[in-house]
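Trainee: I am new to this structure and would like to take a close look at a single part of it. Could you walk me through that part slowly, and tie each detail to what surrounds it?

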Amino acid sequence: GHGGGGRQGVIRDATAADIPALAALNDAEATHVNALGEDGLRALLAVAWRARCTDGALLVALREDTPTQGPNHAWFQARGGRFAYIDRVVVAPWARGRGLARALYADLAAQARAAGLDALCCEVNLDPLNPASLAFHAALGFGPLGEATDPRNGKVVRYLTRSLG
C-alpha cells in the first residue's frame, strides 16, 4: 500500500464479520440502492464476484455468469460480453469526499482487467434523478447504453458502461 491514512483507505474483501456494519451502511442509503438487511446482504455476497470495502464504503460487483440478480443485471446479461456489473457502491456520509468510490472503481477495474473482462457496467437513477452519480460516472469515462424502468419500483435508470480495452 501507500501508507497515509492508516487502515481507512485500505481496500479489502468484505467478510462475514463486516456484514452487520455494511448492511447498516447499505440500508441507510436506500434512496439510491435497495435495502437488503443483513440476510439479504449475506445472500448477495454469497453470489457476488467481488465484494470490496474500506471503512465507510462498499462496492459489490457481479459477473455476466453470476445467477441473475434483478432486472438491471439481466439487461446487461442479455447484451452478452464478459463484464463486471457494479450492483451497488455505497459510501457513508462521514466518509464522502475522500475519493473512496473512485478508489473502489479503480480497484475493481484492475481486477476485472486481470480476469480478462471487457467492460464495467452499472445503472444510475434518472427518476429519482441522481445527478452526483451521473457526474461521477461521466468523469470516470462511463457512457450510456440505454434506459429502462425498473418494474420492481418504477425507478427510471440509465445503463452505463466503460470499456476496459
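The part chosen here is helix α5, together with the sheet and the helix around it.

Trainee: Which residues of α5 are buried, which are exposed, and what do the buried ones pack against?

Mentor: Before we begin, please keep in mind that this is a predicted model. Helix α5 covers residues 131-139, and its buried residues are Ser133, Leu134, Phe136 and His137. These four cover an arc of only 165° around the axis, and therefore they sit on the same side of α5. On the other side of the helix, Pro131, Ala132, Ala138 and Ala139 are exposed. The buried residues of α5 pack against α4, which spans 100-114, and also against the strands β5 and β7.

Let us look at the two ends of the helix. The loop between β5 (119-127) and α5 holds Pro128, and the peptide bond that joins Asp127 to Pro128 is cis, with omega about 0°. Just after α5 comes Gly141, which takes a positive phi of about 90°.

The sheet that α5 packs on deserves a description of its own. It is an open sheet of 7 strands in the order β1-β2-β3-β4-β5-β7-β6, and the pairing is mixed. At its edges stand β1 (12-13) and β6, each with a single partner strand, so one side of each has no neighbour in the sheet. In general, the strands of a sheet pair through backbone hydrogen bonds, in either a parallel or an antiparallel sense.

Both senses can be found here. Strands β4 and β5 run parallel and are joined by 3 bridges, with Tyr85 standing opposite Cys121 in β5. Strands β6 and β7, by contrast, pair in the antiparallel sense over 6 bridges. Along that pair, Gly143 stands opposite Thr161 in β7, and Ala148 stands opposite Val157 in β7. On this sheet α5 touches β5 and β7, and its direction makes about 155° with that of β5. As for β5 itself, the strand is mostly covered, since 7 of its 9 residues are buried.

The other neighbour of α5 is α4, which lies across β2 (50-54), β3 (57-63), β4 (83-91), β5 and β7, and runs at about 160° to β4. At 1.5 Å a residue, the 15 residues of α4 should span 21 Å, and its end C-alpha atoms are indeed 21 Å apart, which agrees. The buried residues of α4 include Leu100, Leu104, Tyr105, Leu108 and Ala112, and among the elements that cover its buried residues are β2, β3, β4, β5, α5 and β7. Just after α4, Gly116 takes a positive phi of about 80°.

Tyr105 is a useful residue for linking the two helices. Not counting residues up to four places away in sequence, Tyr105 touches Leu59, Ile86, Val89, Leu120, Cys122, Phe136, His137, Leu140 and Phe142, and of these, Phe136 and His137 are also named among the buried residues of α5. In the largest nonpolar core, which has 49 residues, Tyr105 is one of those that touch the most other members, along with Ile86, Leu108, Leu120 and Phe142. The largest share of this core, 7 residues, comes from α4.

Finally, follow the chain onward from Gly141 to the hairpin of β6 and β7, which has 6 residues between the two strands and, in the turn, Gly154 with a positive phi of about 80°. Pro151 lies in this loop, between β6 (143-149) and β7 (156-163), and is exposed, with a relative accessible area of 68%. Although Pro151 and Gly141 are 10 residues apart in sequence, their C-alpha atoms are 28 Å apart in space. A contrast is offered by Asn72, which lies in helix α3 (residues 70-79) and counts as buried at 5% relative accessibility. Leaving aside neighbours within four places in sequence, Asn72 is in contact with Tyr85, Glu123, Asp150, Arg152, Val157 and Tyr159.

Key. Residues numbered from 1 in each chain as written. Predicted model: local features only at pLDDT ≥ 70, side-chain atom pairs only at ≥ 80, totals over all residues. Heavy atoms only, no water. Buried < 20%, exposed > 50% of the residue type's maximum accessible area, 1.4 Å probe, protein only. Contact = heavy atoms within 4.5 Å. Arc of directions from axis to C-beta. Pairing = 2+ DSSP bridges. Axes fitted to C-alpha atoms, helices over the stretch in contact; angles between N-to-C directions. Core = buried A, V, L, I, M, F, W, Y, C linked by side-chain atoms within 4.5 Å. Expected span 1.5 Å × (residues − 1).
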